[in-house]
Every structure is written in C-alpha cells, then in structure tokens.
Amino acid sequence: MNESNPDHCEHENYMRRTMEVACQNLQRPFGAVLVDGREGEVLAEAVNRSYRNPVAHSELEVIHEAVRRAGGDVRWEDCTLYVTAEPCPMCISGILWTGIPRVVYGSSVVSLRDLGYRHIALRAQDVVNAAAGGMTCELIGGVLEAECDALFAAAIKLDKKSKG
C-alpha cells in the first residue's frame with residue numbers, strides 16, 4: 001500500500017472498518033483504526049468510551065491501545081489514523097504529539113454541530129495550523145461522509161429515544 005499517494009478505495013475500505021468498530025458504541029459512534037502504512041496492517045482499533053472517562057475519545061484510546069500492543073514501540077511516522085469524525089481540538093493535539101502524519105475522517109465537526117452534538121467550534125486544521133516545532137498532520141476529510149453522518153444521526157435519535 002502506497003500511503004504517500006493512497007488510493008481512494010483503500011481509504012474507503014479502512015473507513016468501513018472504522019465504522020464497524022464505531023458500532024460497538026451506538027450512542028457515541030466515534031471509532032478509530034490505526035493503520036501501518038508500510039504493511040497496511042491494522043495496529044489498533046478503539047471506540048469512544050467517554051461514558052467511563054470524559055477524555056476517552058476514540059483517537060486517544062487507539063493511541064493508548066497501539067502503545068499497549070507494541071510495548072511502546074510504534075513507528076508513528078508510518079501510520080494513518082482513520083476516524084468516523086473529524087478530531088476535536090483535544091484529539092488532534094494528541095495526534096500531533098504522537099507524530100501521526102495523516103488522519104482520514106468521515107463526518108466533519110460542522111456536520112456534528114448541525115446534528116446537535118456538543119463540540120468545541122475549532123476545526124482540526126486550525127489546530128494543525130497553530131502547531132509549531134515541526135508538528136504537522138495531513139487531514140483528509142469526507143471519506144464515506146454520508147455513511148458516517150447517518151451513523152451519528154441515528155445515534156442522536158437513539159439518545160433522544162432513551163431519554164424521552
């Protein structure tokens with residue numbers, strides 16, 4: 001797999017897997033899959049667990065899981081992170097600190113806001129643009145966006161139904 005110029009179909013395939021992972025938490029379908037770009041191997045998968053810990057977002061959980069599995073020896077510079085939604089400021093900051101060079105996401109924070117999700121009105125690209133000291137990350141948005149948006153819309157309906 002050539003991650004310097006990835007095929008759109010490869011992004012879609014990994015995003016489909018990310019959506020499957022996200023369905024482990026139908027009320028918060030934020031899923032993450034970390035892929036080694038050299039081999040195409042999935043290094044770790046995670047789902048949002050903020051019901052247990054408010055900062056246990058899927059992006060940070062997948063980083064923790066990759067470190068646990070690899071005993072701390074992860075070649076971050078070779079990784080691509082797939083997530084069902086654009087990372088929040090906390091998560092994109094963690095991604096920048098790890099050195100993950102590429103994030104592919106489905107739903108944008110604008111879509112999440114329009115659906116009624118709580119969020120911080122700061123785009124991931126704005127955080128990347130504010131990073132210094134050589135920290136950077138390529139953001140590729142909108143991969144299977146309609147499908148990811150549908151996951152989040154269904155979660156909002158499920159949440160309202162459980163409360164109402």
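# A walk from helix α3 to the largest pocket

Seven of the 10 residues in α3 are buried, so this helix is largely enclosed by the rest of the structure. Keep in mind as you click along that this is a predicted model.

**Stop 1: helix α3.** Select residues 89-98, which make up α3. Now colour P89, C91, I92, G94, I95, L96 and T98, the buried residues of the helix. What covers them? Show α2, β3, β4, α5 (124-130) and β5, which are all among the elements packed over these buried residues. Just after the helix comes G99, and its phi is positive, near 90 degrees.

**Stop 2: the sheet.** Next, bring up the strands. Five of them form an open sheet, and its order is β2-β1-β3-β4-β5 with mixed pairing. At the edges sit β2 and β5 (138-140), each of which pairs on one side only. Direction ignored, neighbouring strands in this sheet are turned by 20 degrees against each other on average.

**Stop 3: strand β1.** Select residues 31-36. Six of the six residues of β1 are buried, so the strand is largely enclosed by the rest of the structure. Which residues sit on each face of β1? G31, V33 and V35 lie on one side, while A32, L34 and D36 lie on the other, and both faces are covered.

**Stop 4: the hairpin.** Add residues 41-47, which form β2. Six bridges pair β2 with β1 in the antiparallel sense. To see one facing pair, pick D36, which stands opposite E41 in β2. The two strands form a hairpin with four residues between them, and in the turn you will find G40, whose phi is positive at about 75 degrees.

**Stop 5: strand β3.** On to residues 79-85. Seven of the seven residues of β3 are buried, so this strand too is largely enclosed by the rest of the structure. How many bridges join β3 to β1? There are five, and the two strands run antiparallel. You can follow the pairing residue by residue:

- A32 stands opposite V83 in β3.
- V35 has T80 as its bridge partner in β3.
- D36 has C79 as its bridge partner in β3.

T80 is a handy residue to keep selected, as its bridge partner in β4 is R102. Between β3 and β4 there are five bridges, and these strands run parallel.

**Stop 6: helix α2.** Show residues 58-70. This helix, α2, lies across β1, β2 and β3, and runs at about 135 degrees to β2.

**Stop 7: S107.** Return to the sheet and select S107, which lies in strand β4 (residues 102-107). Is S107 buried or exposed? Its relative accessibility is 0%, so S107 counts as buried. Draw a distance from its C-alpha to that of T84: the two residues are 23 apart in sequence and 6.2 Å apart in space. Then expand the selection to its contacts. Beyond residues up to four places away in sequence, S107 touches T84, A85, E86, L112, E145, C148, D149 and F152.

**Stop 8: N48.** Move to the loop between β2 and α2, where N48 is found. N48 is buried, and its relative accessible area is 5%. Which residues is N48 in contact with, leaving aside neighbours within four places in sequence? They are N25, R28, F30, A56, H57 and S58. Keep F30 and H57 highlighted for the last stop.

**Stop 9: the largest pocket.** Rolling a probe the size of a water molecule over the atoms shows where empty space is left. Here the largest pocket holds about 550 Å³ of space. It is lined by 20 residues, and those closest to its centre are F30, H57, C88, R118 and H119. So you meet F30 and H57 again, both of them contacts of N48 and both in this central group.

Colour the lining by class and you will count 12 nonpolar, four polar and four charged residues. Where does the lining come from? Both α3 (89-98) and α4 (109-115) supply at least two of its residues. The largest share, three residues, comes from α3, which brings the tour back to the helix where it began.

Technical notes. Residues are numbered from 1 along each chain as its sequence is written. This is a predicted model: local features need pLDDT of at least 70, side-chain atom pairs count only at pLDDT 80 or more; totals for chains, interfaces and linings use all residues. Side-chain values use heavy atoms; hydrogens and water are left out. On a 1 Å grid over the protein atoms alone, a cavity is a set of points where a 1.4 Å probe fits but cannot get out, and a pocket is an open set with protein on both sides within 12 Å along at least five of seven lines; lining residues have an atom within 4 Å of a point. Grid points are joined across faces, edges and corners, and a volume is the space filled by probe spheres set on the points. Ala, Val, Leu, Ile, Met, Phe, Trp, Tyr, Cys and Pro count as nonpolar, Asp, Glu, Lys and Arg as charged, and the others, Gly among them, as polar. Buried means under 20% relative accessible area, exposed over 50%, partly exposed in between (1.4 Å probe, protein chains only). Two strands pair if DSSP finds at least two bridges between them. Axes are lines fitted to C-alpha atoms, for helices over the stretch in contact, and angles run from 0 to 180 degrees between N-to-C directions. Contact means heavy atoms within 4.5 Å.
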